[in-house]
Amino acid sequence: MENTGRKRRMTAMEMAEQQRTVRTALLGDLRRSGAGEGMLLDGERVLAARYGTTLRVVRGVLGSLCGEALLESVPRGGMRLRRPVQALAGKRFAQIGFMQLHLSEAFATRPALISAGLEKVLSDQGGTLEFFNTWLLPDFAGEIIPRLQMGRFDAILYTGHDDSAILRMLSEIGIPLVAIECPNAYCDSVEFDNAETGRMLAEHLLGLGHRDVAILRYSDLSWSAARTEATCTEFARQGAPSPEILDFNYSNGKDFDWLLAVVPEILSNFSALIAPNDHMAWKFLQAAQATGSAIPEYFSITGADDLPELRSLNLTTIQLSHQELGEAAYERLRDAVLNPGEREAARNFLLKGRLIVRSSTKPFTGERS
C-alpha cells in the first residue's frame with residue numbers, strides 16, 4: 001500500500017483525551033509558576049511542542065479556558081491570564097453514593113470508579129475526598145446531613161439514586177453541589193449520553209437480525225429509563241417490535257434472586273438481552289448457570305461500562321469511562337468552589353460512549369429453539 005505521508009486524524013475520543021491531558025498539564029504549570037493576572041502565555045506552537053500535541057488540541061484547550069474566563073485573547077494575538085490559577089490545597093470534598101459491599105464481587109462499583117476519577121485529579125491539587133455510603137447510613141436526614149453540616153466541606157458530589165428530596169436537602173446546606181447521572185433543578189449534573197448509548201445498542205442488535213429482544217431496566221434509576229426509552233425508539237424507527245421491558249429495583253440488593261426466577265423465560269422467549277451494565281450481564285450469565293439453563297447458540301447479550309474485570313466474558317458493551325465522569329464532575333465542582341456565585345441555572349453535561357463489539361452478540365437468522 002502506498003504511504004502518502006499523511007497523519008491519521010484523531011478521533012473525537014482521542015481529541016478529548018489529549019485536550020484533558022494538555023489542560024491538566026498547562027494549569028499545573030501556571031499554578032506552580034505563580035503566574036498572575038495579565039501574564040502572557042507562550043504561543044500556540046510553543047505550547048504544542050512543549051506538551052507533545054497538535055495545534056488543534058492546543059487551540060481547543062485555550063478556547064475552553066477563555067470560555068471559563070480564565071484566559072482572554074490579546075489584540076495582536078496570543079493569550080493572557082485574567083486571574084491567577086488557584087489550587088485546591090486544603091479544600092475538602094464529600095462524595096455521597098450507594099455502594100453495596102458484596103465481598104463476592106471482585107470488581108469496583110460505579111461510585112467507587114467515580115471516586116477513583118475524582119481522587120486522581122484532587123491529589124494533583126492537594127484536595128481531599130471523603131465518601132459517605134448511603135447503604136451503611138440509610139437515615140439520610142438524621143445521619144449524613146448533620147455530618148456534612150459539621151464537616152466544613154467545600155463542595156459535595158452526589159452519586160446516589162435519583163431523589164429530588166435528597167438533592168433539595170443537599171442544596172440547602174449552602175455549599176457547591178454537583179450530581180452524577182441525576183439531572184435536576186438544584187445543581188449542575190454530569191452524565192453519560194444515555195440516549196446515544198441506547199440507540200447504539202438497538203442499532204447493533206437490529207443489524208444482527210434480532211427482533212425479539214428483552215431489556216433489563218432499573219426501575220429506580222433515571223439513566224436506565226433514558227437508555228431504555230432510546231432503545232425502544234430506535235426499534236420503532238426501524239419498524240421492529242418493541243422490546244419487552246423487565247423492571248427490577250436496584251436498591252433492594254435482590255437482583256440475583258430476581259434473575260434466577262426470570263432466566264428461563266428470557267431464554268425461551270427472546271433472542272437477545274440488553275442488560276443495563278456489564279455487572280448485570282455477568283449476573284444474568286451466573287443465574288443461567290445456577291439454574292442449569294442452556295443458553296442457545298444464537299442468544300446475544302449486551303452490557304455497558306466495559307469493566308476491565310469482566311472483559312474475559314467477551315461482552316459486547318458500551319465503553320463508558322467512569323474516571324472521565326469523575327473528572328468531568330470535578331471540573332464543575334472546581335469551578336463552583338473557585339468562582340462562587342457565578343452559576344445561573346442548573347446545567348446538564350453529557351459524555352459520550354463507544355460501542356465495543358465482542359463475541360457475546362451474534363447474528364440471528366433462524367427460529368428460536
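A residue is taken as buried when its relative accessible area is under 20%. With that cut-off in hand, strand β7 is a good place to enter this predicted model. In β7, 5 of the 5 residues are buried, so the strand is largely enclosed by the rest of the structure. D188, V190 and F192 point one way from β7, while S189 and E191 point the other way. This pattern agrees with a general rule: in a regular strand the side chains alternate between the two faces of the sheet.

Strand β7 belongs to an open sheet of 6 strands, which pair in the parallel sense and follow the order β4-β3-β5-β6-β7-β13. The edge positions are taken by β4 (128–133) and β13 (348–351); each has a single partner strand, so one side of each is left without a neighbour in the sheet. From one strand to the next, the twist averages 20°.

The pairings around β7 can be followed residue by residue. On the β13 side, β7 (residues 188–192) and β13 run parallel and are joined by 4 bridges. Here V190 has F349 of β13 as its bridge partner, and E191 is matched with L350 of β13. On the β6 side, the pairing of β6 and β7 is again parallel, over 3 bridges, with V178 partnered by D188 in β7. One step further along the sheet, β5 and β6 are paired in parallel over 3 bridges, and Y158 finds its bridge partner in A179 of β6.

Strand β6 (residues 177–180) shows an alternation of its own: L177 and A179 point one way, V178 and I180 point the other way, and all of these are buried. Towards the β4 edge, helix α5 (residues 140–150) lies across β3 (92–97), β4 and β5 (155–159), and the helix runs at about 165° to β3.

Several residues of this region return in the largest nonpolar core, which holds 33 residues; L157, I180, V190, L325 and L333 are the members that touch the most others. Helix α11 (residues 322–338) is the greatest contributor to this core, giving 7 residues. The surroundings of L325 show how helix and sheet meet: leaving aside residues up to four places away in sequence, L325 touches I114, I180, V190, E191, F192 and L351. Separate from this core is a second one of 25 residues, with F248, F284, F299 and F364 among its members.

A second open sheet is also present, with 4 strands in the order β9-β8-β10-β11 and parallel pairing. At its edges stand β9 (244–248) and β11 (300–302), each with a single partner strand, so one side of each is left without a neighbour in the sheet. Neighbouring strands here are turned by 20° against each other on average, direction ignored. Strands β8 and β9 run parallel and are joined by 5 bridges, and Y218 stands opposite F248 in β9. Helix α8 (residues 222–237) lies across β8, β9 and β10 (272–274), running at about 160° to β8.

Just before β8, D212 sits in the loop between α7 (194–207) and β8 (213–218). With a relative accessible area of 32%, D212 is partly exposed. In sequence D212 and E244 are 32 residues apart, and their C-alpha atoms are 8.0 Å apart in space.

A helix pair adds to the picture. Helices α9 (residues 255–269) and α10 (residues 278–290) pack at an angle of about 70°, and their axes are 8 Å apart. Angles of 65 to 115 degrees count as roughly perpendicular, and α9 and α10 are therefore roughly perpendicular to each other. On the α9 side, the contact is made by D255, F256, L259, L260, V263, I266 and L267, which meet M280, K283, F284, Q286, A287, A288 and A290 in α10. One of these, F284, is also a member of the second core.

Taken as a whole, the protein chain has 11 helices and 14 strands. Of its 369 residues, 47% are buried. Among contacts between residues at least 6 apart in sequence, 73% join residues at least 24 apart. The accessible surface of the chain comes to about 18100 Å², and 50% of that area belongs to carbon and sulfur atoms.

Definitions and conventions. Residues are numbered from 1 along each chain as its sequence is written. This is a predicted model: local features need pLDDT of at least 70, side-chain atom pairs count only at pLDDT 80 or more; totals for chains, interfaces and linings use all residues. Side-chain values use heavy atoms; hydrogens and water are left out. Two strands pair if DSSP finds at least two bridges between them. Helices (H or I, at least four residues) and strands (E, at least two) are DSSP runs, numbered from the N terminus. Axes are lines fitted to C-alpha atoms, for helices over the stretch in contact, and angles run from 0 to 180 degrees between N-to-C directions. Contact means heavy atoms within 4.5 Å. A nonpolar core is a set of buried Ala, Val, Leu, Ile, Met, Phe, Trp, Tyr and Cys residues joined through side-chain atoms within 4.5 Å. Buried means under 20% relative accessible area, exposed over 50%, partly exposed in between (1.4 Å probe, protein chains only). Accessible areas come from the Shrake-Rupley method with a 1.4 Å probe; for residues, only the protein chains shown count as cover. Angles under 35 degrees count as roughly parallel, over 145 as roughly antiparallel, 65 to 115 as roughly perpendicular and the rest as oblique.
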